[in-house]
Amino acid sequence: KFDELRDFLQSAGYTEDFLRARFGLERAEQFELDRAKRAPLPEPASAADILTALYLAGEYVSLEQVERLVGRDGVGVLSNMGLLAKDTAGGRCHGTVALYPLEDLHIASDRWSNPDDAPFEAPSDTVYPAFIPNTRLFLAHVPLGACGSFLDLCAGTGIAAIMAARQGAREAWAGDIAERCTRFAEFNGRLNGVPNFHPVTGDLYGSLNSFDRIVAHPPYVPALQPKWIFFSGGEDGEEITRRIVEGLPAHLNDHGVFLALTMGSDRSDAPFEARIREWLGEDGRDFDIALIVRKIYEPHDFAIRNRDESEAWKELFARLGVESLVYGFVVIQRRTGAFTASPPRLS
């Protein structure tokens with residue numbers, strides 16, 4: 001079944017090149033996902049148009065158009081995989097998931113809207129999309145190439161580990177605390193035919209051993225009232241990042257490389273980079289640390305953006321001594337041992 005689906009998506013021409021050309025985009029991830037902001041889709045003229053409407057735009061499409069442009073065999077492949085929901089009485093259908101091209105892969109995640117424009121309530125364990133710009137930024141800097149073992153924490157769709165398994169890692173693992181993510185990651189690994197990819201459910205490292213490369217795009221948004229697993233980084237936004245870094249001495253191999261795209265805070269008692277070294281504990285002297293800052297947010301601006309809770313945020317930031325919120329890459333490399341792979345290059 002997965003072979004049939006993979007062959008169908010490829011033969012349909014549902015690719016990033018198609019999206020760029022069809023919608024005049026510089027990058028595929030610039031496709032507007034918000035229907036309220038998006039211009040109406042062009043009249044479908046190909047199977048790729050149909051797939052875009054169903055699985056990226058998340059709209060209803062008439063059964064007649066789907067059967068005419070996708071073909072009965074294609075409809076059968078999508079239906080047999082549970083990817084197509086039919087409203088026979090209304091003569092229309094919609095996709096049950098989001099499914100999109102990403103480089104030479106096709107990746108599935110949870111939908112982000114309803115096809116009828118009804119209010120959409122994402123489940124707390126929703127699978128965060130790999131298609132959007134901040135995930136693509138993370139993926140553009142994941143250290144790929146030859147290595148023995150690779151681990152992607154807070155993996156969501158599993159995309160980083162799938163790419164690593166395809167591009168040089170002997171074995172790659174994708175770990176997430178949400179079983180829903182693990183199921184999607186397994187689907188994505190099988191869809192893309194990656195046998196050396198292993199999705200696992202667990203609280204960060206769990207029972208996992210050590211790795212040559214570890215990456216993470218963790219939840220990093222401060223949250224007074226956690227709602228979504230992928231989003232909430234604890235009260236100060238650093239809870240998951242802190243626990244990941246604390247685990248590096250036990251789980252990052254000699255001269256191994258760690259990379260995360262995350263957010264932390266400079267505080268009155270210590271800047272973000274200094275506290276990262278503290279999280280490594282007594283073994284911190286064995287690690288080199290780089291913090292590549294992409295954006296700095298003022299705590300006041302963050303607080304007023306959350307109007308209903310602005311006073312609570314101001315009190316929290318004052319108690320913690322937060323002077324600024326820092327968004328960017330954390331890169332850590334263990335110095336000891338013989339290093340054979342190249343460290344990541346950041347632009």
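Let's start at Arg 20, which is partly exposed in this predicted model, with a relative accessible area of 26%. Its side chain meets that of Glu 16 in a salt bridge, 3.7 Å from N to O. Glu 16, by contrast, is buried, at a relative accessible area of 8%. Both residues belong to helix α2 (residues 16–23), where they sit 4 residues apart, about one turn of the helix.

Stay with the charges for a moment. The structure holds 23 salt bridges, and another one brings together the side chains of Arg 38 and Glu 59, at 2.8 Å from N to O. Arg 38 is in the loop between α2 and α3 (47–55) while Glu 59 is in the loop between α3 and β1 (61–62), so this pair ties together parts 21 residues apart in sequence. Arg 38 counts as buried, at 10% relative accessibility.

Further along the chain, Arg 267 and Asp 236 make a salt bridge through their side chains, 2.9 Å from N to O. Here a strand is tied to a loop: Arg 267 lies in β10 and Asp 236 in the loop between β9 and α9, so parts 31 residues apart in sequence are held by the pair. Arg 267 counts as buried at 12% relative accessibility, and Asp 236 counts as buried at 14%. Going back to where we began, salt bridges with shared partners join Glu 16 and Arg 20 into one network with Asp 17, Arg 27, Glu 29 and Arg 136.

Now for the sheet that β10 belongs to. Seven strands make up an open sheet with mixed pairing, and the order is β8-β7-β6-β9-β10-β12-β11. The edges are β8 (197–201) and β11 (287–297); each has a single partner strand, so one side of each has no neighbour in the sheet. On average, neighbouring strands are turned by 20 degrees against each other, direction ignored.

Walk across part of that order and you can see the mix. Strand β9 (residues 211–216) pairs with β10 (residues 252–267) in the parallel sense over 5 bridges, and Ala 216 stands opposite Ala 260 in β10. On to the next pair: β10 and β12 are antiparallel, over 11 bridges, with Tyr 327 in β12 as the bridge partner of Met 263. Then β11 and β12 run antiparallel too, joined by 10 bridges, and Ile 289 stands opposite Ile 332 in β12. As for cover, 12 of the 13 residues of β12 are buried.

What packs on this sheet? Helix α9 (residues 239–246) does, touching β6, β9, β10 and β12 (322–334), and its direction makes about 155 degrees with that of β10. Helix α7 (residues 159–166) lies across β6 (147–153), β7 (169–176), β8 and β9, and it runs at about 175 degrees to β7.

Away from those strands, have a look at β5 (residues 105–109). Its residues are buried, 5 of the 5, so the rest of the structure largely encloses this strand. Both faces are covered: Leu 105, Ile 107 and Ser 109 are buried on one side, His 106 and Ala 108 on the other. The partner here is β4 (residues 98–102), which pairs with β5 in the antiparallel sense over 5 bridges; among the bridge partners are Pro 101 and His 106. The two strands form a hairpin with 2 residues between them, and Glu 103 takes a positive phi near 55 degrees there.

That hairpin leads to the aromatic rings, where the count comes to 7 pairs. Tyr 100 and Trp 112 form a tilted one, 6.4 Å centre to centre with 35 degrees between the planes. Since Tyr 100 lies in β4 and Trp 112 in the loop between β5 and α6 (133–140), the pair ties together parts 12 residues apart in sequence. Tyr 100 is buried, at a relative accessible area of 0%, whereas Trp 112 is partly exposed at 23%. Back in the sheet, Trp 173 and Phe 211 form an edge-to-face pair, 5.5 Å centre to centre and with 70 degrees between the planes. Ring pairs also link Tyr 100 and Trp 112 with Phe 131 into a cluster. One last ring to find is Tyr 60: the charged end of Arg 92 sits over it, 3.6 Å from the ring centre.

Technical notes:
Residues are numbered from 1 along each chain as its sequence is written. This is a predicted model: local features need pLDDT of at least 70, side-chain atom pairs count only at pLDDT 80 or more; totals for chains, interfaces and linings use all residues. Side-chain values use heavy atoms; hydrogens and water are left out. Two strands pair if DSSP finds at least two bridges between them. Axes are lines fitted to C-alpha atoms, for helices over the stretch in contact, and angles run from 0 to 180 degrees between N-to-C directions. Contact means heavy atoms within 4.5 Å. A salt bridge is a side-chain nitrogen of Lys or Arg within 4 Å of a carboxyl oxygen of Asp or Glu. Buried means under 20% relative accessible area, exposed over 50%, partly exposed in between (1.4 Å probe, protein chains only). Rings of Phe, Tyr and Trp (its six-membered ring) pair if their centres lie within 6.5 Å; planes under 30 degrees apart count as stacked, over 60 as edge-to-face and the rest as tilted. A charge sits over a ring if NZ of Lys or CZ of Arg is within 6 Å of the ring centre and within 35 degrees of the ring normal.
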